[in-house]
There are 2 protein chains.
Amino acid sequence: MLKSVHPNQKRLPELVSEQIKELIAKGNLKAGDKLPNEFEMAEQLQVGRGTIREAVKILVSQNVLEIKRGNGTFVCERTGLADDPLGLWMIEDKQKLALDLCEVRMMIEPEIAELAAERGTKDEIASLKNAGYAVEEKIRSGEDHSAEDINFHEALAKMSKNQVVPKLIPVIQSAVNLFVKVTDSVLREETIETHNKIIRAVEDGDGAGAKAALEDHLKLNKEEIQRLISR
Amino acid sequence: MLKSVHPNQKRLPELVSEQIKELIAKGNLKAGDKLPNEFEMAEQLQVGRGTIREAVKILVSQNVLEIKRGNGTFVCERTGLADDPLGLWMIEDKQKLALDLCEVRMMIEPEIAELAAERGTKDEIASLKNAGYAVEEKIRSGEDHSAEDINFHEALAKMSKNQVVPKLIPVIQSAVNLFVKVTDSVLREETIETHNKIIRAVEDGDGAGAKAALEDHLKLNKEEIQRLISR
């Protein structure tokens with residue numbers, strides 16, 4: 001699996017960490033996979049165990065690997081993504097942050113919905129429908145649906161075939177959940193409706209319709225946040 | 001500076017790390033500031049040195065603090081921002097990535113320019129002009145102008161008064177530099193011109209003009225990338 005690295009200008013632990021990242025990028029190692037233990041890796045790569053430990057440390061700090069104590073080293077589920085990679089915790093005014101996040105979503109998500117309608121495949125439409133059902137189920141049973149909601153918008157982002165937006169959307173949406181307590185009781189029914197509108201538009205290849213559905217949804221979202229703030 | 005933390009549900013190192021983050025968020029600790037040493041912090045907070053060490057480790061992994069060996073612990077310059085926080089290294093096709101990044105910039109940056117023109121203050125316009133001069137100087141002397149270019153677009157993003165976009169723009173622009181080797185000889189003159197157009201439009205409070213200038217710039221950018229790929 002791993003090839004021996006030969007010393008050049010770069011430090012050994014960096015070379016090892018880059019090799020591991022390459023295996024992940026190429027799909028040889030997947031999210032959740034367990035890495036061989038220190039001894040095996042050191043042997044395969046013909047480097048010392050200290051080098052392996054340092055390489056793993058680098059990758060842990062980059063949210064690529066995680067160490068589960070007493071269990072081993074694993075590839076992170078959301079590889080490379082920290083909980084709050086944009087460092088939004090630094091923003092003190094969380095109410096204004098909620099509106100700002102809304103503004104950013106308004107720039108990106110309607111465009112994404114349009115691209116998704118133009119570029120999505122049949123299989124992807126089926127997955128999007130399932131993601132939509134999952135949200136609806138959680139809402140109907142009165143449970144927290146934020147994780148399912150992020151999945152829905154991530155699925156939509158993947159359909160755009162743009163490789164950057166599926167990384168961006170969870171970041172922005174998680175931020176909403178991390179920092180903003182918007183009790184979305186008012187928006188629950190509306191969320192189900194919007195998702196259905198988006199699914200229909202995407203199925204019909206109707207870019208303008210998908211875009212409009214997201215714009216309406218975000219406008220309502222913004223109004224709801226403003227209402228909560230003014231209270 | 002630091003208050004003693006008292007144990008509750010959370011683990012001590014986490015409480016300490018949160019307290020340090022709060023001091024940074026409130027501006028009591030600024031980028032580049034040196035933290036008191038382990039002994040002093042342990043004393044101030046009435047916790048063990050092991051707890052301080054663990055708290056620092058958490059914050060190093062979040063790109064909030066950095067340890068300069070033999071010198072001490074410092075607040076990171078771009079606090080909370082990793083080099084590649086979206087984990088774009090995982091995308092194998094770097095040529096398609098270049099076009100995808102362009103597509104994302106097209107969603108966000110024209111809107112930002114429009115908001116900047118509507119919301120920017122006189123002082124901010126002066127800073128934007130200086131940032132523009134700095135780019136032009138580098139280009140005229142044939143040097144790499146990517147850092148100055150990021151500063152220009154970051155200054156523009158700050159003028160939008162949206163607190164999220166100034167965090168987003170450097171991420172996307174750095175990605176362009178990290179992953180895409182676009183020899184921008186053709187775009188050098190055009191970059192100077194675009195920046196001047198943006199500055200003029202922002203000075204005039206002309207949102208539509210600023211938006212159009214950025215749209216044109218990004219269209220040319222995209223064409224140049226496509227030309228390079230097809231070669």
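This passage describes the interface between two chains of a predicted model and the packing of several helices within them.

The model is predicted, and local features were accepted only at pLDDT of at least 70 and side-chain atom pairs only at pLDDT 80 or more, whereas totals for chains, interfaces and linings use all residues. Residues are numbered from 1 along each chain as its sequence is written, chains are lettered from A and ligands numbered from 1 in the order in which they are written, and side-chain values rest on heavy atoms, with hydrogens and water left out.

Between the two chains, the contact (heavy atoms within 4.5 Å) draws 38 residues from chain B and 39 residues from chain A. The area buried between chain B and chain A, that is, the accessible area (1.4 Å probe) that two parts lose on being put together, summed over both, comes to about 3,600 Å², with carbon and sulfur atoms contributing 67% of this value. On the side of chain B, the residues B:Leu86, B:Trp89 and B:Met107 provide 20% of the area that this chain buries against chain A, more than any other three residues. Two salt bridges (a side-chain nitrogen of Lys or Arg within 4 Å of a carboxyl oxygen of Asp or Glu) are found across the interface of chain B and chain A; a salt bridge joins the side chains of A:Glu103 and B:Arg119, with an N to O distance of 2.9 Å. Over all chains, the same rule gives a count of 27 salt bridges.

Within chain A, helices (DSSP runs of H or I, at least four residues, numbered from the N terminus) were compared through their axes, which are lines fitted to C-alpha atoms over the stretch in contact, with angles running from 0 to 180 degrees between N-to-C directions. Helix 4 (residues 94-119) of chain A packs against helix 6 (residues 146-159) of chain A at an angle of about 60°, the axes lying 7 Å apart. This angle makes helix 4 of chain A oblique to helix 6 of chain A, where angles under 35 degrees count as roughly parallel, over 145 as roughly antiparallel, 65 to 115 as roughly perpendicular and the rest as oblique. Residues of helix 4 of chain A in this contact include A:Arg105, A:Glu109 and A:Ile112, and those of helix 6 of chain A include A:His153 and A:Leu156.

Helix 5 of chain A also packs against helix 6 of chain A, their axes coming within 8 Å and crossing at roughly 165°. The two helices, helix 5 of chain A and helix 6 of chain A, are therefore roughly antiparallel to each other. Among the residues making this contact are A:Leu128 and A:Val135 of helix 5 of chain A, together with A:Phe152 and A:Leu156 of helix 6 of chain A. In addition, A:Glu136 forms a salt bridge with A:Arg140, with the closest N and O atoms 3.3 Å apart; these residues, A:Glu136 and A:Arg140, lie four residues apart in helix 5 (residues 122-140) of chain A and are thus separated by about one helical turn.

In chain B, helix 1 (residues 12-25) and helix 3 (residues 49-61) pack at an angle of about 60°, with their axes 8 Å apart, and helix 1 of chain B and helix 3 of chain B are therefore oblique to each other. Residues of helix 1 of chain B that meet helix 3 of chain B include B:Val16 and B:Ile20, and their counterparts in helix 3 of chain B include B:Ile52 and B:Ile58.
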